[in-house]
Amino acid sequence: MATQAGPDEAWMARAVALAEGGRGVTSPNPMVGAVLVRDGRVVGEGFHQAAGGPHAEALALAAAGAAAAGATCYVTLEPCAHHGRTPPCADALVAAGVARVVAAMADPDPRVDGAGLARLRGAGVEVVTGVGAEAAAEQNAAYLTHRRLGRPRVTLKAAASLDGKVAAPDGTSQWITGPDARADGHRLRAEADAVLVGAGTALADDPRLTVRLPGHGGRQPLRVVADAAGRVGPAGHLFDGEAPTLVATTPAAPAAAVDAWKAAGAEVLICNRAPDGQGVDLDDLLRALAARGVLELLVEGGPRLQASLWAAGLADRLVWYLAPLAIGGPGAPGLLGGAGSATLADARRLRLASVDRLGDDLRVVAYPRPTEGAESAPIDRGTPPGFPGPLPIDRGTPPGFPGPLRPDPPEPSPTGGA
């Protein structure tokens with residue numbers, strides 16, 4: 001027999017739904033929704049709309065006015081207790097006379113981390129935690145990864161045939177999937193803070209890595225190219241000025257290549273070499289991006305780069321678009337390159353989160369399960385160095401979705417190497 005959700009769960013669900021309004025525009029802050037309820041009715045509500053702007057609790061209190069006294073505040077994340085770009089929300093709730101706070105979860109940011117809840121309890125406010133925690137944690141998975149592990153959440157995105165091939169043996173890959181799947185890929189870009197490709201993909205596909213949804217007036221993600229040896233020239237679409245570009249390289253890159261990237265308007269980040277001497281040290285790159293406030297990183301190619309992130313335990317989510325197409329043959333590249341698992345026992349198990357139909361294609365979202373004896377998350381490497389830093393400019397919330405892409409030159413699938 002199903003258990004009916006109580007009023008706390010229902011009001012928290014409303015707060016979680018409100019928080020969705022900030023998706024893609026609040027980084028490096030979390031998405032937060034707040035609902036003030038008094039005598040069974042909403043007296044104020046709000047959601048965090050942009051980094052540096054009022055927090056959800058402050059907006060809800062402003063809407064409620066004097067009616068906030070004696071109310072219950074349902075909030076998807078622990079109210080802050082520190083002075084940042086805005087005053088502490090815990091103090092504002094106390095000053096308004098809020099009698100009860102129901103927080104879905106604590107905030108792992110070291111500047112908060114229980115201090116907000118403690119301040120509320122110290123002022124005599126009843127505090128309840130854990131209501132709607134699963135939904136709130138899923139909603140803010142990128143933020144939680146950033147604060148707990150010191151790196152962005154990493155999503156590996158790829159389009160493939162039903163037999164797992166991302167291109168034909170001759171390298172052709174446009175288009176494996178249909179327009180609905182490709183439009184959904186642009187939605188992922190709109191939600192990401194940065195999009196990463198390797199040098200091989202940049203050379204083979206000359207991608208734009210921009211959001212091209214109809215009517216999109218929001219921000220463009222940071223475009224990141226991992227090029228350890230200076231292979232990518234500055235004449236491609238990645239240097240067209242339509243979005244910011246960062247080239248992650250190593251001391252092995254020729255000075256001429258570095259100068260050319262900078263002259264084309266790109267930022268150049270010198271990273272350590274990978275432990276095997278091949279390519280950019282990906283852990284070093286991820287931590288550098290985290291220090292810039294990148295919470296959500298979308299990796300679009302190629303298979304070698306994605307395989308390297310997978311093998312290093314740095315991939316948090318897989319989003320694979322599968323087309324009703326069979327390519328076959330040993331010469332066609334597959335979804336994950338590299339050495340792979342030597343035996344079935346070594347293969348990494350996945351948790352399937354969803355399988356959806358997009359036109360003729362399937363979208364599969366999966367998460368890696370922890371290996372036997374491992375913890376459920378990578379080792380905590382601490383707060384990103386230099387954080388908090390300069391905040392990205394808020395360019396508005398991405399417009400409604402879905403819709404067909406407006407005509408554009410071909411946009412690449414994830415092919416090529418790192």
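Q: Is Arg292 buried, partly exposed or exposed, and what is its relative accessible area?
A: In this predicted model, Arg292 has a relative accessible area of 34%, so Arg292 counts as partly exposed.

Q: Which residue does Arg292 form a salt bridge with?
A: That would be Glu267, and the closest N and O atoms of the two are 2.7 Å apart. Arg292 sits in the loop between H10 and E11 while Glu267 is in strand E10, so the pair ties together parts that are 25 residues apart in sequence.

Q: And Glu267, buried or partly exposed?
A: Glu267 is partly exposed, because its relative accessibility is 37%.

Q: How many salt bridges are there by this rule?
A: The count comes to 18. One of them joins Lys157 and Glu300, with the closest N and O atoms 3.2 Å apart. That pair links distant parts of the chain, since Lys157 belongs to strand E6 and Glu300 to strand E11, 143 residues apart.

Q: Are Lys157 and Glu300 buried or exposed?
A: Both Lys157 and Glu300 are buried.

Q: What about Asp240, what does that one pair with?
A: Asp240 forms a salt bridge with Arg223, and their closest N and O atoms are 3.0 Å apart. Arg223 counts as buried because its relative accessibility is 0%, whereas Asp240 is partly exposed at 31%.

Q: Which residues are linked in a network of salt bridges?
A: Asp184, Arg187, Glu191, Asp356 and Arg363 are linked that way.

Q: Why can side chains of opposite charge pair at all?
A: They can pair when their charged atoms come close.

Q: New topic: helix H6. How many of its residues are buried?
A: Helix H6 covers residues 141–149, and 8 of its 9 residues are buried. Among them are Tyr143, His146 and Leu149.

Q: What do the buried residues of H6 pack against?
A: They pack against helices H5 and H10 and strands E6 and E11. After H6 comes Gly150, with a positive phi near 75°.

Q: Which residues form a nonpolar patch on the surface?
A: Leu162, Leu352, Val355 and Leu362 do, with about 370 Å² of accessible area together. Leu362 lies in strand E14 and counts as partly exposed, because its relative accessibility is 30%.

Q: Last bit, the whole protein: how many helices and strands?
A: There are 11 helices and 14 strands. Of the 418 residues, 50% count as buried. The protein exposes about 18000 Å², and carbon and sulfur atoms supply 54% of that.

Conventions: Residues are numbered from 1 along each chain as its sequence is written. This is a predicted model: local features need pLDDT of at least 70, side-chain atom pairs count only at pLDDT 80 or more; totals for chains, interfaces and linings use all residues. Side-chain values use heavy atoms; hydrogens and water are left out. Helices (H or I, at least four residues) and strands (E, at least two) are DSSP runs, numbered from the N terminus. Buried means under 20% relative accessible area, exposed over 50%, partly exposed in between (1.4 Å probe, protein chains only). Accessible areas come from the Shrake-Rupley method with a 1.4 Å probe; for residues, only the protein chains shown count as cover. Patches are made of residues with over 30% relative accessible area and no salt bridge: like charges are joined within 9 Å, nonpolar side chains (Val, Leu, Ile, Met, Phe, Trp, Tyr) within 5 Å. A salt bridge is a side-chain nitrogen of Lys or Arg within 4 Å of a carboxyl oxygen of Asp or Glu. Contact means heavy atoms within 4.5 Å.
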